[in-house]
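Open the model in your viewer and switch to a cartoon view. The tour goes stop by stop, with a selection to make at each one.

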Amino acid sequence: MLEAGGSLFRPLTLGSLAVGKEQIGPIDNLTIERIEHMKRKSVTPEMTILTKTFDLLDWLLPKLETFPKPYRLTLTQRLGNSSLDFQESIFDAMSEGGRTRQRHLRVADAQLNKVRLYLRLVHRRKWINDGQYHHASDMVAEIGRMLGG
């Protein structure tokens with residue numbers, strides 16, 4: 001989960017969601033290239049996990065529409081809801097602090113575990129092929145690492 005004051009590449013912890021900023025020297029020592037490099041590097045862990053989650057949703061939601069109709073109110077709906085609930089839990093965690101933030105991050109972790117389970121079931125039923133399953137699993141695993149799991 002996200003940790004305060006850390007590197008942009010440090011795994012996230014149940015601590016707090018904060019932006020890790022690189023320390024720079026006095027402004028007179030900076031060149032234009034260094035300033036431009038810092039601007040490009042200003043993506044926060046929160047933005048990264050939100051972007052990756054959005055990419056997962058963007059890939060997954062159209063797939064759900066192709067699943068067999070008899071399962072659209074059960075497995076299909078649960079997979080979609082868990083994915084969306086995960087995104088909402090990250091938003092909630094970003095807007096809170098302390099124990100409330102930790103609670104939201106734990107909920108997000110539980111939702112991500114449900115997504116993993118439902119993806120395995122969908123794959124086992126052959127509603128997505130091996131390549132699609134590996135792609136989705138890689139996306140979920142990357143998000144899980146960002147979350148700290």
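A crossing is left-handed if the near helix is turned anticlockwise from the far one by less than a right angle, and right-handed if clockwise. Keep that rule at hand for H4 and H5, where H4 passes H5 in a left-handed crossing. One caution before going on: this is a predicted model.

**Whole chain**

Colour by secondary structure. The protein chain has five helices and zero strands. Along the sequence the pattern reads α-α-α-α-α. Now colour by accessibility. Of the 149 residues, 34% count as buried.

**Select 75-94: helix H3**

H3 holds 20 residues. From first C-alpha to last it reaches 29 Å, close to the 28 Å expected at 1.5 Å a residue. Show side chains next. Buried residues of H3 include Leu75, Leu79, Phe86, Ile90 and Ala93. Thr76, Ser82, Ser83, Gln87 and Ser89 are also among the buried residues, as is Gly80.

**Add 98-124: helix H4**

H4 has 27 residues. Its C-alpha reach, first to last, is 40 Å, close to the expected 39 Å. Which residues of H4 are buried? Among them are Leu105, Ala108, Leu112, Val115, Leu119 and Val122. Arg101, His104, Gln111, Tyr118 and His123 are on the buried list too.

Keep H3 and H4 on screen together. They pack at an angle of about 155°, and their axes are 8 Å apart. Angles over 145 degrees count as roughly antiparallel, so H3 is roughly antiparallel to H4. The crossing of H3 and H4 is left-handed. Select the residues of this contact: 15 are nonpolar, five polar and five charged.

**Step to Lys126**

Lys126 lies in the loop between H4 and H5, just after H4. Check its backbone torsions. What is notable about phi here? Phi of Lys126 is near 70°, a positive value in a residue other than glycine. Most residues other than glycine have a negative phi. Turn on the surface as well. Is Lys126 buried or exposed? Lys126 counts as exposed, because its relative accessibility is 66% and the cut-off for exposed is over 50%.

**Jump to Lys63 and Trp127**

Select Lys63, which sits in helix H2 (residues 45-64). Its relative accessibility is 22%, so Lys63 counts as partly exposed. The buried class ends at under 20%. Now add Trp127 and draw a C-alpha to C-alpha distance. Lys63 and Trp127 are 64 residues apart in sequence and 8.8 Å apart in space.

**Select 130-147: helix H5**

H5 has 18 residues, which should span 26 Å at 1.5 Å a residue. Its end C-alpha atoms are 25 Å apart, which agrees. Look down the axis of H5 and show side chains. Tyr133, Ala136, Met139, Val140, Ile143, Gly144, Met146 and Leu147 are buried. They cover an arc of only 160° around the axis, which puts them on the same side of H5. Rotate to the other side of H5: Asp138 and Arg145 are exposed there.

**Last stop: H4 against H5**

Show H4 and H5 as a pair. How are these two helices packed? The angle is about 170°, with the axes 11 Å apart. H4 and H5 are therefore roughly antiparallel to each other. Apply the opening rule once more as you view the pair: the crossing is left-handed.

Notes:
Residues numbered from 1 in each chain as written. Predicted model: local features only at pLDDT ≥ 70, side-chain atom pairs only at ≥ 80, totals over all residues. Heavy atoms only, no water. Axes fitted to C-alpha atoms, helices over the stretch in contact; angles between N-to-C directions. Helix = DSSP H or I, 4+ residues; strand = E, 2+ residues; numbered from the N terminus. Parallel < 35°, antiparallel > 145°, perpendicular 65-115°, else oblique. Nonpolar A, V, L, I, M, F, W, Y, C, P; charged D, E, K, R; others polar. Expected span 1.5 Å × (residues − 1). Buried < 20%, exposed > 50% of the residue type's maximum accessible area, 1.4 Å probe, protein only. Arc of directions from axis to C-beta.
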